[in-house]
Amino acid sequence: MRSIHRDETSRIRSLRRKAAFQQLVREITQAKKLPSESAAFTAVAGLGIDTVESVLLYHVVPGATIDRKTAVRADGTDLTTALGSTVEVDVRTYLYFFRQVRLVDADTNDRDARVVTFDVIKGNRQIAHSVDRVLRPIDLP
């Protein structure tokens with residue numbers, strides 16, 4: 001039963017990643033609906049390897065071990081990414097106890113990514129969190 005749970009969790013994370021890239025393609029193409037998975041893959045691949053690599057490096061904060069507890073106390077902190085640019089941590093509190101962590105990227109006119117799952121990979125010096133949008137290292141029109 002434990003492996004089924006692990007498989008389900010992995011599938012949900014995979015769907016979130018796919019949806020984030022589909023949302024990115026929808027926004028940059030100004031389409032009304034989300035593209036199919038294959039159309040989103042083709043569009044992202046069409047951006048070129050250097051662009052895709054830059055976007056992926058923008059999601060990595062090297063040298064920092066930031067778990068959930070640290071993240072919810074990091075409001076206003078600028079994190080330097082592996083790309084060399086920064087992402088700002090914006091923590092919002094709702095109903096006095098629920099804290100939402102948003103990552104403010106370089107694109108000023110889109111909705112910022114929210115952390116939807118904390119501490120996805122944990123147990124060593126590397127910790128990963130799941131976000132609901134692709135972080136954008138540049139301001140897109």
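1. A residue is called buried here when its relative accessible area is under 20%, and by that criterion 26% of the 141 residues of the protein chain count as buried. The coordinates under discussion are those of a predicted model, and the points below should be read with that in mind.

2. As regards the overall layout, the protein chain has four helices and five strands, and their order along the sequence follows the pattern α-α-α-α-β-β-β-β-β.

3. Turning to enclosed space, a search of the whole structure returns one cavity of 30 Å³ or more, and the largest cavity holds about 40 Å³ of space. Its lining is made up of Phe21, Leu24, Val44, Leu47, Val52, Val55 and Leu56. Two elements, helix H1 (2-29) and helix H3 (49-57), each give two or more residues to the lining of this largest cavity, and the largest share, three residues, comes from H3. In terms of chemical class, the lining of the largest cavity divides into seven nonpolar residues, with no polar and no charged ones.

4. The open space calls for a separate description, since the largest pocket contains about 1100 Å³. Of the 37 residues that line this pocket, those closest to its centre are His59, Val60, Ile127, Ala128 and His129. The elements that give two or more residues to the lining of the largest pocket are H1, helix H4 (68-71), S2, S3, strand S4 (113-121) and strand S5 (128-131). By class, the residues lining the largest pocket divide into 25 nonpolar, eight polar and four charged, whereas the lining of the largest cavity has no polar and no charged residues.

5. On the surface, attention may be drawn to a nonpolar patch of about 710 Å², which is made by Tyr94, Leu95, Tyr96, Phe97 and Phe98. One of these patch residues, phenylalanine 97, is found in the loop between strand S2 (86-94) and strand S3 (98-104). Phenylalanine 97 counts as exposed because its relative accessibility is 64%, the cut-off for that class being over 50%.

6. Which elements deserve a second look when the two linings are set side by side? Helix H1 gives two or more residues to the lining of the largest cavity, and H1 is also among the elements that give two or more residues to the lining of the largest pocket. Strands S2 and S3, which flank the loop holding phenylalanine 97, likewise give two or more residues each to the lining of the largest pocket.

Note on methods: Residues numbered from 1 in each chain as written. Predicted model: local features only at pLDDT ≥ 70, side-chain atom pairs only at ≥ 80, totals over all residues. Heavy atoms only, no water. 1 Å grid on protein atoms, 1.4 Å probe; cavity = no way out; pocket = protein on both sides within 12 Å on 5 of 7 lines; lining within 4 Å. Points joined across faces, edges and corners; volume = space filled by probe spheres on them. Nonpolar A, V, L, I, M, F, W, Y, C, P; charged D, E, K, R; others polar. Patch = residues over 30% accessible without salt bridge, like charges linked within 9 Å, V, L, I, M, F, W, Y side chains within 5 Å. Areas by Shrake-Rupley, 256 points an atom, 1.4 Å probe, with all protein chains shown as cover. Salt bridge = Lys/Arg side-chain N within 4 Å of Asp/Glu carboxyl O. Buried < 20%, exposed > 50% of the residue type's maximum accessible area, 1.4 Å probe, protein only.
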